[in-house]
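Here are a few exercises to work through with the structure open beside you. Try each one before you read its solution.

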Amino acid sequence: MSEAYFPVESGALGPENFLSLDDILMSQEKLPVRVETPMPRLGAFFLERGAGAEADYALPQGTKLELPLWLAKGLFDNKRRILSVEIPKIYQEGWRTVFSADANVVDLHKMGPHFYGFGSQLLHFDSPESADISQSLLQTFTGRFRRIMDSSQNSYNEDTSALVARLDETERGLFQTGQKGLNDFQSWEKGQASQITASNLVQNYKKRKFTNMED
């Protein structure tokens, strides 16, 4: 009898964790690319019939495609120039200006459910805009963090679906953590819990601290 799936934390803003369902879903998101080197025998996979696929089944130079992130990362090579990557609109300068003005007005889940994770993966492609994208991701996160946590701490036994609907997956995780902390405190305050236990973040920090002391 197979065991139930035990949730594995996402790699979040670092490398993907391929044991995490969230990271697997994030790596499937499409990225616009341009083929810089003809790719033999791949035309039949990406081109419709009548668009050159039946000639030599090569994927011609200059072809524009949308590839899943995991495949684009695997093919990208600065030296060989197999393909070049186009920055998705949500991470381009126009939207970065919107985020810098007021990040809280944007429905991030509609724009991309893995906004932060996917955006951090774009830094892998060495775009001239990488530094600006990185800064925009950080500013957007810090600009929205206070409102997310305030909302999670002031919605006890309330319907939070409207609040959560506009959050990306990373923010939803933060919101759920805040909600759990609030519910645990309310239970303790009402005498429904014997004690307040340390959060996973605190426990993990203590483990790392003891490991460093032993080293």
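A nonpolar core here is a set of buried Ala, Val, Leu, Ile, Met, Phe, Trp, Tyr and Cys residues joined through side-chain atoms within 4.5 Å, and buried means under 20% relative accessible area. Keep in mind that this is a predicted model.

**Exercise 1.** Find which residues of the largest nonpolar core touch the most other members, then work out which elements and domains feed that core.

*Solution.* Start with the membership: the core has 27 residues, and Leu 31, Tyr 91, Phe 99, Phe 115 and Phe 118 touch the most other members. Next, map the core onto secondary structure: β1 (30-35), β2 (64-68), α4 (69-75), α7 (115-121) and α8 each give two or more residues. Then check the domains: at least three core residues come from each of domain 1 (1-86) and domain 2 (88-189). Finally, zoom in on Tyr 91. Leaving out residues up to four places away in sequence, Tyr 91 touches Arg 96, His 114, Phe 115, Phe 118, Gly 119, Leu 122, Ile 133 and Leu 137.

**Exercise 2.** Locate the largest cavity and say what sort of residues line it.

*Solution.* First, count: the structure holds one cavity of 30 Å³ or more. The largest cavity has about 40 Å³ of space in it. Now go round the wall, which is made by Val 33, Val 35, Met 39, Phe 46, Leu 59, Leu 65, Leu 67, Leu 75 and Leu 83. Sorting them gives nine nonpolar residues, with no polar and no charged ones. As for elements, β1 and β2 each supply at least two lining residues.

**Exercise 3.** Do the same for the second largest pocket: which element gives the most to its lining?

*Solution.* The volume of this second largest pocket is about 190 Å³. Its lining consists of Asn 104, Val 106, Arg 144, Arg 147, Ile 148, Ser 151, Ala 162, Leu 163, Arg 166, Leu 167 and Phe 175. Two elements give two or more of these residues, α8 (130-153) and α9 (161-164), and α8 gives the most, with four. By type, the lining splits into six nonpolar, two polar and three charged residues.

**Exercise 4.** Where is Gln 61 found, and which residues does it touch beyond its sequence neighbours?

*Solution.* Gln 61 sits in the loop between α3 (53-56) and β2. Not counting residues up to four places away in sequence, Gln 61 touches Val 35, Glu 36, Thr 37 and Pro 38. Take Thr 37 as a check: Gln 61 and Thr 37 are 24 residues apart in sequence, and 5.2 Å apart in space, C-alpha to C-alpha.

Technical notes:
Residues numbered from 1 in each chain as written. Predicted model: local features only at pLDDT ≥ 70, side-chain atom pairs only at ≥ 80, totals over all residues. Heavy atoms only, no water. 1 Å grid on protein atoms, 1.4 Å probe; cavity = no way out; pocket = protein on both sides within 12 Å on 5 of 7 lines; lining within 4 Å. Points joined across faces, edges and corners; volume = space filled by probe spheres on them. Nonpolar A, V, L, I, M, F, W, Y, C, P; charged D, E, K, R; others polar. Buried < 20%, exposed > 50% of the residue type's maximum accessible area, 1.4 Å probe, protein only. Domains from an automatic or database assignment. Contact = heavy atoms within 4.5 Å.
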